[in-house]
Amino acid sequence: MSKDRPPVPPQSASGMAGGERRAAAPSAATGAASSAERKAAPVSSPPAETKAKAKPRAAAAGSGWGLLPRIAVSLLAAFHVLAAFTAPWYIQLRPILRPALPPGTVPRDAQGREIPLEQLDPQQFPPIQPVLPRALAYGLRHYTNLLYINNGYDFFSPDPSVSHIIRYEVFDQSAQKIAEGKLPDRRDHWPRLFYHRHMMLVEQSRDPAMEGRGWENAIARELLEKHEGDAIRLTMVRHHLLAPQQVMAGERLDAPATYEDLGVLEYRRPRAAAAPSEELPRGGS
Amino acid sequence: MKGAWSNISGYFSELWAAWNRFWFTPVDPATLSLVRLLGGGMLLYTHLVWSLDLSGFIGPDGYTPLAFMDQLQREWSVWSVFAWTGSMWGVWTIHIVALVAFAMLFMGLFSRTSAVVAYLLAVSYAHRVTPGAYFGLDKANCMIALYLVLGPCGARYSLDRLWRLRRGDQAPAPPSVSANIAVRLLQLHLCVVYLFSGLAKLEGVTWKLGTAMWWAAANYEYQSLDLTWLAGWPMLVALITHLTLFWELFYCCLVWNRFTRPIVLWTAVVVHGGIALFMGMITFGLAMIIANLSFLRPETVRRWVDPVANRVALALVGRRVG
């Protein structure tokens, strides 16, 4: 872009307008240093101590940026890196929050049976909060949200896990099947990135935080629209992984036995005059 | 006492000097320009693919309707330009503008302006599909686009550069402090990404036992090349798993040392190249490799890329880029 273009070759000091251009040639950089820095620069064979003090100033002068801009940018950079660090730090801690129990305590019910931690009443045993990452993440959330650096980076972690598929069948008004398919589908969803988006759609619809929000209905509605059908049946399927020993024994990764139906959702297109959509029991979670 | 004070002040003096060298040394914008060229291409391709089902993924009544997103994203700072339009023609208009901006960034036309527009639009898509259909690619794309905004990303390997050559301006791209700041921030962000990716793996069992790579390879939905032969090579599976985990955990330390940096960066190419080839996430693998290129010295970039850039410049404007 023309703004970055030096009007004349950088060797010429007259063409070094602007911080970055001034930095182009060493002579220009020295010339562009602030007067305070020029005063501080060693003149001739300074003693060792003076050299040590002058070194950082000389290094800084090479940038052509004055002290105040450098301090301001340094603070902004430090703030930004802290924000980029804080978001994944807190996100990563959220799934491992445990109820606040004294060390060694085993919660038991009235019959003396051990109560699993996840079943403890959060009102009675509120989780231990990581106070510092939580406070930082909360304080910086608008900054991290605005820049989309509000992410965790848990690729294939904590462990690689199973995949899920949505199988669907679309019916017309006379209950005849007019289309069927699955999400994701290697044959239909090409290129690979398009396939991967469908794969993520299915996986993210299964996020525990989404439970009960009716996301399955939105997927059903969209598929009905695409196929111009009247009713649809979605089946959430889990595809289990095989251990190395099973593969060595000749089992295939896509063997029918590796698929497990988790639940079915039937959805009918709402009609203008009809009552609210006829929804059968939810599935998929 | 005087000696102790001298040592302390000397320490802080050297620290400040090192800080200044790290952030404020003007550098050739070749590295940032290469990241722009490749990152811009990735942004263009990534968003072009949305065109295949724009109404489904981005449309107001698609798989993740706007009303549904409103329930989830209550913070005003979770923003997307797609929230401002309730019609598909509005969505398509924004989409076409976005594709033009990504293409301009890729080609280096009005690079700084297109970098700002491209970044804002990339974040808009990412927020629109979070949750919905986002994954690591969107995080990597937005991270790269964010730092392109900060420096002269079109100083080299761009139409801007060719346009200047055509007008007779053969001055080399000047070293730039903002190019250095942009690259430094990208490098540091990448260190954060790998550190937390490694730490998250420590929460699991399979990464520590050395079997995680098998379970990733045995996932039929991810698989793009058959890796079931790994079942007979448990030692190899364990080696790859442990290496990946330790590489991620120590990336943020080892990548700064000039002796270990080549090993760390080539490992990045192998790991992400493997993800691209075998697990079908070609775009994500490439985006992470592009981000890793930020650690290349400008001289290295110029040695590899300038010959190609010169050929292009000779063909288009009859001059070498210099």
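These notes cover chain A and the nonpolar cores of a predicted model.

1. Chain A contains 10 helices and four strands. Read from the N terminus, its elements follow the order α-α-α-α-α-α-α-β-β-α-α-β-α-β.

2. Chain A has 285 residues, and 41% of them count as buried. Its accessible surface is about 15,900 Å², with 57% of that area belonging to carbon and sulfur atoms.

3. Contacts in chain A can be sorted by how far apart the partners are in sequence. Taking those between residues at least 6 apart, 57% join residues at least 24 apart.

4. In soluble globular proteins, nonpolar side chains tend to be buried together. Here the largest nonpolar core has 123 residues. The members that touch the most others are Ile219(A), Ile232(A), Leu234(A), Ile58(B) and Tyr251(B). Helix 9 of chain B, residues 177-202, supplies the largest share of this core, with 14 residues.

5. Where does this core lie with respect to domain 2 and domain 3 of chain A? Domain 2 (71-147) and domain 3 (163-268) both give residues to the core, so the core lies between them.

6. Ile219(A) is worth finding in the structure. Once neighbours within four places in sequence are set aside, Ile219(A) is in contact with Ile166(A), Leu183(A), Leu201(A), Ser205(A) and Leu234(A), and also with Tyr63(B). Leu234(A), one of these partners, is itself among the core members that touch the most others.

7. Another core, of 15 residues, lies apart from the largest one. Its members include Trp207(B), Ala212(B), Ala218(B) and Leu227(B).

How values were computed
Residues numbered from 1 in each chain as written. Chains lettered and ligands numbered in written order. Predicted model: local features only at pLDDT ≥ 70, side-chain atom pairs only at ≥ 80, totals over all residues. Heavy atoms only, no water. Core = buried A, V, L, I, M, F, W, Y, C linked by side-chain atoms within 4.5 Å. Buried < 20%, exposed > 50% of the residue type's maximum accessible area, 1.4 Å probe, protein only. Helix = DSSP H or I, 4+ residues; strand = E, 2+ residues; numbered from the N terminus. Domains from an automatic or database assignment. Contact = heavy atoms within 4.5 Å. Areas by Shrake-Rupley, 256 points an atom, 1.4 Å probe, with all protein chains shown as cover.
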